[in-house]
Amino acid sequence: MIRIHALSLASAGSPFEHTTIERRELRGHDVLIAIKFSGICHSDIHQGEGDWGQGIFPMVPGHEIVGIVTAVGSHVSTYSIGDRVGVGCLVDSCRKCEYCLSGEEQYCKRGAVYTYNALDYEGNPTYGGYSQQIVVDEEYVVRIPDTLELDAAAPLLCAGITTYSPLKHWNAGPGMKVAIVGMGGLGHLGVQIAHAMGADVTVLSQSENKREEAFRFGANRYYATCSKSAFTELAGTFDFILNTVSAKLDMDAYLSLLGVGGSLVNVGLPAEPVSYNTFSILPRKSISGSSIGGIRETQEMLDFCAEHGIAPQIERIRADEVDRAWDRVKRWDVRYRFVIDMTTLKQS
Ligand code: NAP
Ligand code: ZN
Ligand code: ZN
């Protein structure tokens, strides 16, 4: 076993503790990664605070992981020591079902193994990226393109793929009117990606505060949803709405912004169930969801971001600042992703 330092939560809502955890000895196809940076996703907070039900504690969150390969198992063929790599939300899946075979491991029939707050197929708890090192099978590791800075690449491993995957699936591109609801960690990447795909992009944000930055990320239009006139003005406008908001929204109000046959896709995962009136979808409108993205698509997204110069705007923090960063995310006080420098995790 490899013993390493980590930040863990003893129970739902407790503050972070500095602790040690064990990583497995390398198997044939395993890669050992020295974690350099770990992004803070709102899903970390939902799980750490019990928003989605009982979690597995102690919990070491973190599924936006980048680092350097420091050792490889005897059968590893894809990666070598020194490579810049990333790990997202998945560390294993059945590898046999139709979804695994088509590269959509997130929909694995057996249930994919998530990077933390999960049990692997041997029944051991998984621990995430708020830690010094991680051991992952090479099939679930991606390569960070040379032109992406390592710290800024971290949020792409969850926020990037979670917005890229539905935008691609629903064919965002020239001539398509896309709205991104909520411009946080996911949303500010969604704006950049949709713009790079050629879509006409509107940001729907709670306030006026992010207007200038939205245009810098490539938005064509910006509306503050605190103003009810936005909903009258935009009625029937969009082909596709991507909802990235971490809290419950009025679905009927947002469905009214779709044109006939349009789709509202939820990636935000509030604690409470959402509801809508069936009359709101009668004009052949769809309401759907989307979960992260598969490993192949994650690599494709990283390459796409490198090619189009897309990167998150990050605020880099030390390992002893994570509690405060979580509080700030909950108050929407982040522009636009916190990334923890994991090399600042003290060794004692
Ligand atoms: P985030 O950085 O906190 O951004 C969420 C944004 O939503 C905020 O910046 C804010 O944007 C808006 N918002 C928050 N509360 C609101 C409220 N009460 N009313 C209206 N708008 C509100 O969070 P994130 O990391 O981007 O994650 C967003 C959500 O996606 C979370 O629920 C997370 O768990 C989920 N997620 C899902 C997947 C998936 O696979 N489906 C993957 C990753 C994350 P404005 O100020 O611009 O309005
Ligand atoms: Zn995430
Ligand atoms: Zn499977």
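Me: In this predicted model, buried means under 20% relative accessible area. Which state, buried or exposed, do Cys94 and Cys108 have?
Reply: Cys94 and Cys108 both bind the zinc ion (ligand 3) through SG. Under 20% relative accessible area is the cut-off for one state, over 50% for the other. Both cysteines fall into the class buried.

Me: Which arrangement do the four donor atoms around the zinc ion (ligand 3) have?
Reply: The donors are the SG atoms of Cys94, Cys97, Cys100 and Cys108, at 2.3 to 2.4 Å. Four donors count as tetrahedral if all angles lie between 85 and 135 degrees. The angles here are 104 to 120 degrees, so the arrangement is tetrahedral.

Me: How many residues apart in sequence are the parts that Cys94 and Cys108 tie together?
Reply: Along the chain, the donors of the zinc ion (ligand 3) have the spacing C-x2-C-x2-C-x7-C. Cys94 sits in the loop between strand 6 (90-92) and helix 2 (98-101), and Cys108 in the loop between helix 2 and strand 7 (113-114), so the parts tied together are separated by 14 residues.

Me: Which residues coordinate the zinc ion (ligand 2)?
Reply: The spacing of the donor residues in sequence is C-x21-H-x94-C. Their distances to the zinc ion (ligand 2) run from 2.0 to 2.2 Å, and the donors are Cys41 (SG), His63 (NE2) and Cys158 (SG).

Me: How many residues apart are Cys41 and Cys158, which link distant parts of the chain?
Reply: Both cysteines are donors to the zinc ion (ligand 2). Cys41 is in the loop between strand 3 (30-39) and helix 1, while Cys158 is in the loop between helix 3 (150-153) and helix 4 (159-169); the separation is 117 residues.

Me: At 3% relative accessibility, does Cys41 count as buried or exposed?
Reply: The limit for the lower class is under 20%. Cys41 has 3% relative accessibility and therefore counts as buried. Cys158, at 5%, likewise counts as buried.

Me: What share of the accessible area of ligand 1 does the protein cover?
Reply: A polar side-chain atom of Arg337 is 2.6 Å from an oxygen atom of ligand 1. For Trp332, a polar side-chain atom is 2.8 Å from a nitrogen atom of the ligand. On its own, ligand 1 has 930 Å² of accessible area, and the covered share is 91%.

Me: Which helix supplies the largest share of the shell around ligand 1?
Reply: Helix 1 (42-48) and helix 5 (185-196) each give the shell at least two residues. The largest share is three residues, and the helix that supplies them is helix 1.

Methods:
Residues numbered from 1 in each chain as written. Chains lettered and ligands numbered in written order. Predicted model: local features only at pLDDT ≥ 70, side-chain atom pairs only at ≥ 80, totals over all residues. Heavy atoms only, no water. Polar contact = N/O pair within 3.5 Å; in protein donor to acceptor, adjacent residues only side chain to side chain. Areas by Shrake-Rupley, 256 points an atom, 1.4 Å probe, with all protein chains shown as cover. Helix = DSSP H or I, 4+ residues; strand = E, 2+ residues; numbered from the N terminus. Donors = N, O, S within 2.8 Å, 3.2 Å for Na, K, Ca; no water. Tetrahedral: all angles 85-135°; square planar, octahedral: opposite > 155°, others 65-115°. Buried < 20%, exposed > 50% of the residue type's maximum accessible area, 1.4 Å probe, protein only.
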